Amino acid sequence: MRVPAQSVCTAIRDDIVSGVFERGSRLTEDQLARRYGVSRVPVREALRTLESEGFVVSRRHAGAQVAEPTDQEAADLLDVRSLLEPLGAARAAQRRTEAHLKVLRGLVRLGQERARQGQGEDLRALGGWFHETLAQASGSPALTALLTQLRHKIAWMYVVDLPERPVEAWAEHGAIVDALARGDAERARALTALHVERALPLHRLKRPERGRVRVSQHAVNTASVRN
């Protein structure tokens, strides 16, 4: 069974985002192939993809290494998100399906419940699922891919604190879904822009320590890969 490069790409990206591979650390095909239990071929393809996404850079005579974005580049990520998330919500108001609405409403109910109970870690996951589903509801694969990549990069560059009033934050999510249900693109855009703006102060730049690369074995999950 050949492990697809996409699975290897996801595994490497996750390890970069979580800090297993620090910014600036070298990435060799042999090292990565051993770590994920695959051949060098999917690793090579995965590194090319990650380079196109900005997570990896290739330097002549030095090979591939984890990128080292500047503080300005990190700030630009939040600016781009502030533009694209409202656009995605406006598109979603016009293109969402009933299935999208059902999932979003379910996430809002769970988010409101967990917010009242003060279950912070659950709120992080639910918030990620909400914004992922909102992007998918835009009906634009290109826009969805951009927003997904932005979320990965923001998670890589920033620590995101929970809001002081999580119940209010989830009420904002609920208002966005109501706008989607009514097909009100402008209201969905405005509410999402306000929601993103209010979340900006919660972002703190990560300052990773140097020289801390964990190299334990980490086989790629192939459970969903077909022969």
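This section describes the overall fold, the largest pocket, one buried histidine and one enclosed helix of a predicted model.

The chain contains nine helices and five strands, and these elements succeed one another along the sequence in the pattern α-β-α-α-β-β-α-α-α-α-β-α-α-β. Of its 227 residues, 44% count as buried, while the area that the chain exposes comes to about 12,400 Å², with carbon and sulfur atoms supplying 50% of this figure. When contacts between residues at least 6 apart in sequence are considered, 78% of them join residues at least 24 apart.

The largest pocket has a volume of about 1,400 Å³ and is lined by 39 residues, of which Arg124, Gly127, Gly128, His131 and Val160 lie nearest its centre. Its lining is assembled from several parts of the chain: at least two residues each are supplied by helix H1 (5-18), helix H4 (71-95), helix H6 (120-136), helix H7 (141-157), strand E4 (158-160), helix H8 (166-182) and helix H9 (185-199). Among these contributors, H6 gives the most, with nine residues. In terms of residue class, the lining of the largest pocket comprises 16 nonpolar, 11 polar and 12 charged residues.

His203 is located in strand E5, which spans residues 203-205. This histidine counts as buried because its relative accessibility is 12%, a value that falls under the 20% cut-off for burial. Apart from neighbours within four places in sequence, the residues in contact with His203 are Leu78, Arg81, Ile154, Tyr158, Val159 and Val160. Val160 therefore appears in two settings, since Val160 is in contact with His203 and is also one of the residues that lie nearest the centre of the largest pocket.

Helix H2, which covers residues 29-36, is largely enclosed by the rest of the structure, because six of its eight residues are buried. The buried positions in H2 are Glu29, Gln31, Leu32, Ala33, Arg35 and Tyr36, a set in which the charged residues Glu29 and Arg35 occur together with the nonpolar residues Leu32, Ala33 and Tyr36. The cover over these buried residues includes H1, strand E1 (26-27) and helix H3 (40-53); H1 is also among the elements that supply at least two residues to the lining of the largest pocket. Just after H2, Gly37 adopts a positive phi of about 70 degrees.

Methods
Residues are numbered from 1 along each chain as its sequence is written. This is a predicted model: local features need pLDDT of at least 70, side-chain atom pairs count only at pLDDT 80 or more; totals for chains, interfaces and linings use all residues. Side-chain values use heavy atoms; hydrogens and water are left out. On a 1 Å grid over the protein atoms alone, a cavity is a set of points where a 1.4 Å probe fits but cannot get out, and a pocket is an open set with protein on both sides within 12 Å along at least five of seven lines; lining residues have an atom within 4 Å of a point. Grid points are joined across faces, edges and corners, and a volume is the space filled by probe spheres set on the points. Helices (H or I, at least four residues) and strands (E, at least two) are DSSP runs, numbered from the N terminus. Buried means under 20% relative accessible area, exposed over 50%, partly exposed in between (1.4 Å probe, protein chains only). Contact means heavy atoms within 4.5 Å. Accessible areas come from the Shrake-Rupley method with a 1.4 Å probe; for residues, only the protein chains shown count as cover.
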